[in-house]
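Trainee: I should like a close look at a single helix of this chain and at its surroundings. Please take me through one in detail.

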Amino acid sequence: MSMKLVNVIKGGLAVLPFVVASCMMNDDGDIPDFNEQLQSDIAAIDNYLATNNIDAIEHSSGIRYVIWHDSTGTNSATIDSCVTTNYSGRLMSNGVEFDKGTNISFPLGGVIDGWRIGIPLLTVGDSATLYVPSGFAYGYYGYPPEIPSNANLIFNVAVKNVGQTYKTSDRSCD
């Protein structure tokens with residue numbers, strides 16, 4: 001082995017502990033642990049549901065949902081599906097609507113985790129309200145200015161269609 005290569009290896013080994021230590025540091029002490037935040041979010045959602053006399057189904061993820069129209073359909077989405085929905089989204093904290101859409105199609109794998117979990121619980125023709133903990137939505141960083149940090153969200157969703165592929169040309173599902 002050449003002396004130059006040995007020196008490069010020694011230099012790399014000397015720097016390695018500092019690189020590893022800096023990767024393990026959390027410079028932003030304000031970012032909450034995901035599971036601690038999830039437990040806090042679930043408690044807030046459950047309190048909201050109790051206060052408003054809403055009887056919701058509890059998913060193991062922590063998402064809560066209420067099915068308003070249960071169709072007889074059997075076509076439900078998977079993470080690889082394209083889905084067409086009508087929806088509105090609002091902040092649980094104050095009810096402010098931050099987004100809505102009619103006949104909006106999208107690949108399910110490209111949206112927030114709350115939808116990746118919640119939409120497959122429904123079939124074509126179903127409508128439901130999803131109560132999404134912040135970690136399955138926009139998390140610590142939010143989506144300023146509409147969605148603040150660690151915001152629990154409420155979505156009213158109606159599944160109109162489930163397809164296999166998303167067509168970018170006309171933003172529809174096949």
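Mentor: In this predicted model, the face of helix α2 turned away from its buried side carries the exposed residues Glu 36, Gln 39, Ala 50 and Thr 51. The buried residues of α2, by contrast, are Gln 37, Leu 38, Asp 41, Ile 42, Ile 45 and Leu 49. These lie on the same side of α2, because the arc they cover around the axis is only 140 degrees. The general rule behind such an arrangement is that an α-helix has 3.6 residues a turn, so residues three or four places apart point the same way. Among the elements that cover the buried residues of α2 are β2 (64-69) and β5 (127-132).

The length of the helix can be checked as well. Helix α2 comprises 18 residues, 34-51, which should span 26 Å at 1.5 Å a residue; the C-alpha atoms at its ends are 25 Å apart, and the two values therefore agree. At the N-terminal end, Asp 33 acts as a cap of α2, with a side-chain oxygen 3.1 Å from the backbone nitrogen of Asn 35. Just after α2, Asn 53 adopts a positive phi of about 50 degrees.

The helix also has a place in the nonpolar interior. The largest nonpolar core has 28 residues, and those with the most contacts inside it include Val 83, Trp 115, Ile 119 and Leu 130. Helix α2 is one of the elements that give two or more residues to this core, together with β3 (82-91), β4 (97-107), α3 (113-118), β5 and β6 (153-163). The largest share, five residues, comes from β6. A second, separate core of seven residues includes Ile 45, along with Ala 56, Val 66 and Ile 154; as noted above, Ile 45 is among the buried residues of α2.

Two neighbouring features of the larger core complete the picture. Leaving aside neighbours within four places in sequence, the contacts of Trp 115 include Thr 85, Tyr 87, Phe 106, Leu 130, Phe 155 and Val 157. Strands β3 and β4 run antiparallel and are joined by eight bridges; Thr 84, for instance, has Ser 105 in β4 as its bridge partner. Five residues lie between the strands of this hairpin, in which Gly 95 takes a positive phi near 80 degrees.

As for the whole, the protein chain has three helices and eight strands, and 36% of its 174 residues count as buried.

Methods:
Residues numbered from 1 in each chain as written. Predicted model: local features only at pLDDT ≥ 70, side-chain atom pairs only at ≥ 80, totals over all residues. Heavy atoms only, no water. Helix = DSSP H or I, 4+ residues; strand = E, 2+ residues; numbered from the N terminus. Expected span 1.5 Å × (residues − 1). Buried < 20%, exposed > 50% of the residue type's maximum accessible area, 1.4 Å probe, protein only. Arc of directions from axis to C-beta. Contact = heavy atoms within 4.5 Å. Polar contact = N/O pair within 3.5 Å; in protein donor to acceptor, adjacent residues only side chain to side chain. Core = buried A, V, L, I, M, F, W, Y, C linked by side-chain atoms within 4.5 Å. Pairing = 2+ DSSP bridges.
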